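User: I have a protein model open and need help reading it. Can we go through it in small steps?
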Amino acid sequence: MRRSITRRILLALTAAIVVTAMTSVAFAADKVVLRLSSVNSATDARAVALDTVFGPAIADFATFEPHWNGTLFKQGTELEAIARGNLDMSITSAQELAEFIPEFSIFSAGYLHRDAAHQVSVFNNDLMKPFKAQVEEKLGVKLLTVIYLGRRQLNLRTDKHIETPEDLAGVKLRMPGSAAWQFLGKALGANPTPMAFTEVYTALQTGAIDGQDNPLPTDKDAKFYEVTKQIVLTSHLVDLNYLAISKKKFDSLTPDQQAKLYKAADDASEWGRQRQLKLEDELAQFFKDKGLKVYTPNVDAFRTRVQKMYLESEYSKTWPKGLVEKINAL
Ligand code: KDO
């Protein structure tokens, strides 16, 4: 008697487990999968924000599947992967977009955005509409939100004091691999060299490059402080990224889901922005404790040279008339 009750309970339990498993498979199959690829680490503020805020906020209709450390696609190849239908989302930049739509170089110009809040007002202003429309038309990509990466600073393995752009003459400065980035390196007075983010640590360690530029949180996250001697606070670019999604995927969602997606993206970006700003405030001391020199050079000298070089460049010829002034007025 006891044995048969136990058997019946066991059978009922097994059936319940099978039904639950089948239902959750069915639910999972109904959900849209959003595969994102990016080269940053899983501890980077953008990754933490997307994992903590974005993914959970859309979990009722989408499975957010991020791949960090460039394990899925190499830096700079993500937009093409989205266009080909091999990827759903990426964290892209103005410099990458400028490869396809030259006007985007305006948002890659040194000393243009003033701070994190300025980036947000520029992104949400009507002036961005034609830019967003072009990204949709040419690349089949929608830009969901703007992400604050931070103020880019020089980080060198040499200990020569850097006060003005002239002091960077001959310094082999790694910049990410696109023309707009190389131009920024040149505008700073250095000798820029392109290199993928994932190779920078080893290149600093072996001396293949003299330095690199990134915001302080990235320098910490990628452990560049282990293989460099100084950080020069030029703040030459208030750097941004955009959260990008395949238009085809986006269009497959209901209007309600699309609205939730935008909100989740904005909320994650705000969360990440606050985290990144806090880290930027705290990290100078962290690097000093690690034995690095951290100091502010003659920022006016850098700003004057960089702005002049951009305005005289081929890039500025592609910028819509009056746009710099409009951005400055925001
Ligand atoms: C970099 O390669 O230095 C850079 O900071 C460029 C950014 O646009 C962004 O792609 C970032 O790398 C990566 O996400 C790694 O943090």
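Analyst: We can start with the overall layout and then turn to charges; keep in mind that this is a predicted model.

User: OK, what does the secondary structure come to?
Analyst: The protein chain has 14 helices and nine strands.

User: And what box do the C-alpha atoms fill?
Analyst: Along the principal axes, the box is roughly 90 × 45 × 30 Å.

User: How much of the chain is buried?
Analyst: Of the 330 residues in the protein chain, 50% are buried. The chain exposes about 15,500 Å², and carbon and sulfur atoms supply 56% of that area.

User: What about contacts between residues at least 6 apart in sequence: what share join residues at least 24 apart?
Analyst: That share is 76% in the protein chain.

User: Switching to charges. How many positive and negative side chains are there?
Analyst: There are 41 positive and 39 negative side chains. The centres of the two sets lie 6 Å apart.

User: How many salt bridges does that give?
Analyst: The count comes to 16 salt bridges. One of them joins the side chains of K263 and D267, at 2.6 Å from N to O.

User: Where do K263 and D267 lie?
Analyst: Both are in helix α11, four residues apart, which is about one turn of the helix.

User: Is D267 buried or exposed?
Analyst: D267 falls in between: it counts as partly exposed because its relative accessibility is 34%, and that class runs between 20% and 50%.

User: Got another pair in a helix?
Analyst: D300 and R303 form a salt bridge at 2.7 Å, N to O. Both lie in helix α12 (residues 299-311), three residues apart, about one turn of the helix. R303 is partly exposed, at 32% relative accessibility. Elsewhere, D60, D256 and K260 are joined into one network by salt bridges that share partners.

User: And K129 with D126, what distance is that one?
Analyst: The salt bridge between their side chains is 3.3 Å, N to O.

User: Why do those two count as exposed?
Analyst: K129 has a relative accessible area of 54% and D126 has 52%. Exposed means over 50%, so both residues qualify.

User: Last topic. Which residues gather in the patch of positive charge on the surface?
Analyst: The patch holds K220, K223, R275 and K290.

User: Where is K290 placed?
Analyst: K290 sits in the loop between α11 (255-289) and β9 (293-295). At 46% relative accessibility, K290 counts as partly exposed.

Conventions: Residues numbered from 1 in each chain as written. Predicted model: local features only at pLDDT ≥ 70, side-chain atom pairs only at ≥ 80, totals over all residues. Heavy atoms only, no water. Patch = residues over 30% accessible without salt bridge, like charges linked within 9 Å, V, L, I, M, F, W, Y side chains within 5 Å. Areas by Shrake-Rupley, 256 points an atom, 1.4 Å probe, with all protein chains shown as cover. Salt bridge = Lys/Arg side-chain N within 4 Å of Asp/Glu carboxyl O. Lys, Arg positive; Asp, Glu negative; His and termini not counted. Charge placed at Lys NZ, Arg CZ, Asp CG, Glu CD. Helix = DSSP H or I, 4+ residues; strand = E, 2+ residues; numbered from the N terminus. Buried < 20%, exposed > 50% of the residue type's maximum accessible area, 1.4 Å probe, protein only. Contact = heavy atoms within 4.5 Å.
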